[in-house]
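Trainee: I would like to go through this model with you and ask, for each term we use, what entitles us to use it.
Mentor: Then let us look at it together and set each value against its cut-off.

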Amino acid sequence: MKAVVWHGIGDIRLDEVDEPRIEDGHDAIVRITRSAICGTDLHFIRGTMSGMRDGTILGHEAVGVVTEVGEHVRGFQPGDRVVINSTMSCGACRYCRDGHTAQCDVANPNGPHAGTSFFGGPEATGPVDGLQAEYARIPWAQNTMTKLPDAVSDDQAILLSDIFPTAWFGAQLAGVSRGDVVVVLGAGIVGQFSVVSAFKQGAGRVIVVDGVADRLEQARTLGAEVVDFNDDDPVAAVMELTNDIGADCVIDAVGVDAERPARGPAAPDDDTAAGFDEEVAQVAPDIAPQGDLWRPGDAPSQASRWAVEMVAKYGRIGIIGVYSPLAEVYPIGQAMNKNLTVRMGNCDHHSVTPPLIDMVAAGVFDPTALITAHETLAGVIDAYEAFDRREPGWIKVALDIGG
C-alpha cells in the first residue's frame, strides 16, 4: 500500500509499504477514506519535535471503514464506518475512566509514565505508524475509534479526528464562560476551530492574533476580531480593545513553531531576537531547511510571552499548541505575579469527540468550510510543501484516500 513515510528531518516520501496486520487482540484494521495534514506533522519534518524513527508512517487524523477486528474488540465489526481518535486509549485504566484518555496508563508502549500515545509520532509516543496511508492498524480500537452516523460525511468527520476536539478542549482548558473576552493566538486550523469553540462555549468576543492575511480573513468570517502582529503590537491592541483590562482567557493554538513579527511595533529588538535564536537552537538542534522549506518557527516562546502579557489578572490560559519537551522558556514569574491559571495538554479525544459528532450530525455546525484544500496521496508531498510555506489557501488539507 502507499503511505507517507518520515525518513529524516526534511525528508518525507510517498512509499510503498506492507499493509498492516492485527498484532494484538485489541487491534482493528481500517481502510482509510480520508486523512489530513496537520501542523503537528510539520514539527516532525522541521525538527522542532525530536525523536522520530526512520520509517514511521506520518499522520494522526483519519476516517475509514473497519476491515478486520481482533478477538477482544467487541463493539466494532467489519463494515463499520469510523472516525479514528488521534490519541490512543484503552478505556479501562483509571485515567480513561475519568475521561482523561490522553494520559491512558496502558496505550503507550513505553509505559504508564510515558504520557500521550498518538499516531505517527516520535518514539516517546509509541511509536505507532500513522494514518496517512491506505490502511492502518488501530491499537486499542474499542476506545480509539468512534462509529459515525450516516448524517456525518467523511469531510465533516476528518475534522472530528483531531482538530475540532483539540480546539474545543483548548477552550475548556482556558475556562471559557458566558460573556468572556477570549484571545486566540494563531489562526491556523486549530485557531479557527478555537474561535468556533469559544463562541459556542459562551464567549462574548473573540480576538485572533496572527501574521498571515488569509488566515486572519478566515477568522473574521467566523465572527472574530483580528490583529495582525506585523502591523500592531498585539498586547497593546488587546489592551485597547478591553479598556486596558486584558482578556479573560487566552487560547495558545501556536506552540513551539511560533513566528516573531517581521516588522511593526512588536518586532523584537536585537537582544530579544538573540534570545529567540538561542531557543531555536535548543528546541531544534538538528534542523535541515531546504531553501524556504522546513524552516522552524523563529520565536519558540513568543506565544507564551504574549499570552501572559495580554490576559487580565486572575485570567486563564489554555495551551494546545504543541511544545517540545526541549522547550524550557516560560514567563512563570510574570504569570505568578498576575495570579494566572495556566492549563495545557493533549486532547482527551475519546471523551471530547462524541458530543461534537452529535453537534455536526444535528446540523448545529458544519465544519467543512474550514477545509481549504483537497489532495490525493499522489500529490501529498507537494501539498505538504505548500502547507509548510503557509501559502494562501492552505489552512487545512484533507487527503482523499479512497471511496
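Trainee: Which strands does helix α8 lie across, and at what angle does it run to β10?
Mentor: This is a predicted model, and in it helix α8 (residues 234–241) lies across β9, β10, β11 and β12, running at about 165° to β10. Angles over 145 degrees count as roughly antiparallel, so helix α8 is roughly antiparallel to β10. Helix α6 (residues 189–200) lies across β9, β10 (205–210) and β12, and its angle to β10 is about 170°, so the term roughly antiparallel applies to α6 and β10 as well.

Trainee: What makes β11 and β14 the edge strands?
Mentor: The open sheet has 6 strands in the order β11-β10-β9-β12-β13-β14, with parallel pairing. β11 (225–228) and β14 (341–344) are its edges, since each pairs on one side only. From one strand to the next, the twist averages 20°.

Trainee: How do you know that β9 and β12 pair?
Mentor: Pairing requires at least two bridges, and 4 bridges join strand β9 (residues 181–185) to strand β12 (residues 247–252), so the two count as paired, and they run parallel. Val182 stands opposite Cys249 in β12.

Trainee: Why are α5 and α12 called roughly perpendicular?
Mentor: Helix α5 (residues 163–173) and helix α12 (residues 349–361) pack at an angle of about 110°, with their axes 9 Å apart. The range for that term is 65 to 115 degrees, and the two helices are therefore roughly perpendicular to each other. On the α5 side the contact is made by Phe164, Pro165, Thr166, Trp168, Phe169 and Gln172, which meet His349, Val352, Thr353, Leu356, Met359 and Val360 in α12. These contact residues divide into 8 nonpolar, 4 polar and no charged.

Trainee: Which residues have the most contacts inside the largest nonpolar core?
Mentor: That core has 49 residues, and those with the most contacts inside it are Phe164, Val182, Phe193, Val206 and Val208. The elements giving two or more residues to it are α4 (154–158), α5, β9, α6, β10, α7 (213–221), β12 and α12, and α5 gives the most, with 7 residues. A second, separate core of 46 residues includes Val66, Met88, Cys90 and Phe119.

Trainee: What makes you say that strand β1 is largely enclosed?
Mentor: Buried means under 20% relative accessible area, and 5 of the 7 residues of β1 (residues 2–8) are buried, so the strand is largely enclosed by the rest of the structure. β1 is joined by 6 bridges to strand β2 (residues 11–16), and the two run antiparallel. They form a hairpin with 2 residues between them, and Gly10 in the turn has a positive phi of about 80°. On its pairing with strand β4 (residues 56–57), β1 has 2 bridges, again antiparallel; as at least two are needed, this pair just meets the requirement. Within β4, Ile57 is the bridge partner of Val5.

Trainee: How do you know that helix α1 is mostly covered?
Mentor: Of the 8 residues in α1 (residues 39–46), 7 are buried, and these are Thr40, Asp41, Leu42, His43, Phe44, Ile45 and Arg46. They pack against β1, β2, β3 (28–37) and α13 (380–388). Just after α1, Gly47 takes a positive phi of about 90°.

Key
Residues are numbered from 1 along each chain as its sequence is written. This is a predicted model: local features need pLDDT of at least 70, side-chain atom pairs count only at pLDDT 80 or more; totals for chains, interfaces and linings use all residues. Side-chain values use heavy atoms; hydrogens and water are left out. Buried means under 20% relative accessible area, exposed over 50%, partly exposed in between (1.4 Å probe, protein chains only). Axes are lines fitted to C-alpha atoms, for helices over the stretch in contact, and angles run from 0 to 180 degrees between N-to-C directions. Angles under 35 degrees count as roughly parallel, over 145 as roughly antiparallel, 65 to 115 as roughly perpendicular and the rest as oblique. Contact means heavy atoms within 4.5 Å. Ala, Val, Leu, Ile, Met, Phe, Trp, Tyr, Cys and Pro count as nonpolar, Asp, Glu, Lys and Arg as charged, and the others, Gly among them, as polar. A nonpolar core is a set of buried Ala, Val, Leu, Ile, Met, Phe, Trp, Tyr and Cys residues joined through side-chain atoms within 4.5 Å.
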